[in-house]
Amino acid sequence: PVQNGLNLRSPICCIMGHVDAGKTKLLDCIRGTRVQEGEAGGITQQIGATYFPAENIRERTKELKANAKLNVPGLLVIDTPGHKSFTNLRSRGSSLCDIAVLVVDIMHGLEPQTIESLNFLKKGNTNFVIALNKVDRLYGWKTCRNAPIGKAIGQQSKDVMMEFNTRLTQIITQFKEQGLNTELYYKNKEMGDTYNIVPTSAISGEGIPDLLLLLVQWAPKTMIKRLTCSEKLQCTVLEVKVVEGHGTTIDVVLVNGMLHEGDRIVVCGMQGPVVTSIRALLTPHPMRELRVKGTYLHHKEIKVVQGIKIAAQGLQHAIAGTSLYVVGPNDDIEYIKESAMDDVNSVISRIDKSDEGVYVQASTLGSLEALLEFLNTRAVDVPVSDNLEEERKREAVEEAVFPCVLKIIPKYVFNTKDPIVLGVDVVEGIAKIGTPICVPGQKFVEIGRISSIIN
Ligand code: GTP
Ligand code: NA
Ligand code: MG
């Protein structure tokens, strides 16, 4: 859509920060949803995507600024996990985004994954806003539901403001220690050099109008060139998952270009490139989360920025975190297949392989990286092999002897107090290896030390 003579796409905004800073809750507050309450352990374990159309943002910000002029069709927001095990997902999210929101819990200040996220943003030269979240937890805070932050702050007592200012000053100092100047956004005279802080509450909604307006007005101003729509397809696979009625699907973010039902596509797969055709192009409703089961809208074609679910045959071996390609009428398919495998080949080539070892399969590039790194370089030093034949793989599983096959689809890689715990989907044979501990009521099994499995 052409607006004000500019043909800008929606900015992609990534929400980052330490575990439990309130990233998902902030999105719930904007969407009017309760995604966070449905998460296992209240912990985000996947990348999510939600599309906010400009008209919804205008509605949400009208108290702060009536009829705000927005030069973009909307905003695509990517939610990421803050737990330390998901470094690869944070990296994937941050590499995709045009801007970011770094969420900091006002009661905790900067925490390890705040700093890690900050470093990703610095590395990618990504502009960001700081949401100083959970202001409602300041002792004596008076709720002003969904109010602009200036108005909410105007209602607070001296004591609340004293605590607010003390905590704010400490956090500004912590950012300075990381080499960054930061300031409350409405006091910030040096936009660009000094990063903006927006105090928010994801529970009562104070500051949400400010955060939204800042994102949609300021991003397009500072990155016209980057946000100008281009024809060239740019599309990244976020997640691979089975959806009832659709088989294995991939969740993708379409950054530029167009996708059509029936398009011939190529994605990177565990056993080589996957060439298939788009059977269905699905999106959640606007303001709904892509990663949450729900009803989907079917599309014949999709342009501009969107989080999309693609159903097609043969996607079960697709690897998340890689690029999706469309085969055009004049394209050299062999060349596209090679390009599609570049990402995973570069990961695999970094690993030392031996003749005998553990054969590893993972459903995402990030899990594969995390797993290979764990097996190969951490305390356990497990050899990794890529030359097991089908027959031997099966035998190995049945006999549960070294070298065995761990056909694991990591749900998460937790670094608990003692060993690393891999959450896995139970695939044939696995339960015989090592000493699995069942988690009641859940489909997957948590297996203790990997070293004890192969010893
Ligand atoms: P991960 O995705 O697991 O990294 O966490 P997150 O950053 O998405 O945090 P989440 O939304 O899961 O919130 C963590 C906890 O903090 C939940 O219990 C929320 O209810 C609570 N919480 C989040 N935001 C606020 C807030 O603004 N005020 C208060 N009082 N609690 C909040
Ligand atoms: Na959480
Ligand atoms: Mg979350």
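**From one pair of residues to the whole fold**

In this predicted model, Ile130 stands opposite Ile197 of strand E7. This pair of residues offers a starting point for a walk through the structure. Strands of a sheet pair through backbone hydrogen bonds, either parallel or antiparallel. For E5 and E7 the sense is parallel, and three bridges connect them.

Strand E7, which spans residues 194–199, has a partner on its other side as well, since the order of the sheet places E7 between E5 and E6. The pairing of E7 with E6 is again parallel, here over four bridges. Two positions illustrate it: Leu184 stands opposite Ile197, and Asn181 has Thr194 as its bridge partner. Ile197 thus faces Leu184 as well as Ile130. Strand E7 is also mostly covered, with five of its six residues buried.

The view may now be widened to the complete sheet. Seven strands make up this open sheet, and they follow one another in the order E2-E3-E1-E4-E5-E7-E6, with mixed pairing. Its edges are formed by strand E2 (48–53) and strand E6 (181–184), each of which pairs on one side only. From one strand to the next, the twist averages 30°.

Helices accompany the sheet. Helix H4, made of residues 112–123, packs on the sheet and touches strand E1 (12–17), strand E4 (99–105) and strand E5 (127–133). The direction of H4 makes about 165° with that of E4. Helix H7, residues 208–222, lies across E1, strand E3 (74–79), E4, E5 and E7. Relative to E5, helix H7 runs at about 170°.

The next feature to consider is the surroundings of ligand 1. Around ligand 1 there are 22 residues, of which Gly22, Thr24, Lys25, Thr44 and Gly82 come nearest. Which helix gives the most to this shell? Helix H1, which covers residues 23–31, does so with three residues. By character, the shell consists of six nonpolar, 10 polar and six charged residues.

Further along the chain there is another pair of strands. Strand E8 (residues 234–243) and strand E9 (residues 247–256) run antiparallel and are joined by nine bridges. At one position of this pairing, Val243 stands opposite Gly247 in E9. The two strands form a hairpin with three residues between them, and in this hairpin Gly245 takes a positive phi near 85°. The antiparallel pairing of E8 with E9 may be set beside the parallel pairing of E5 with E7, with which this account began.

Terms used:
Residues numbered from 1 in each chain as written. Chains lettered and ligands numbered in written order. Predicted model: local features only at pLDDT ≥ 70, side-chain atom pairs only at ≥ 80, totals over all residues. Pairing = 2+ DSSP bridges. Axes fitted to C-alpha atoms, helices over the stretch in contact; angles between N-to-C directions. Contact = placed C-beta atoms within 7 Å. Near = placed C-beta within 6 Å. Nonpolar A, V, L, I, M, F, W, Y, C, P; charged D, E, K, R; others polar. Buried ≥ 20, exposed ≤ 12 C-beta atoms within 10 Å, placed from the backbone.
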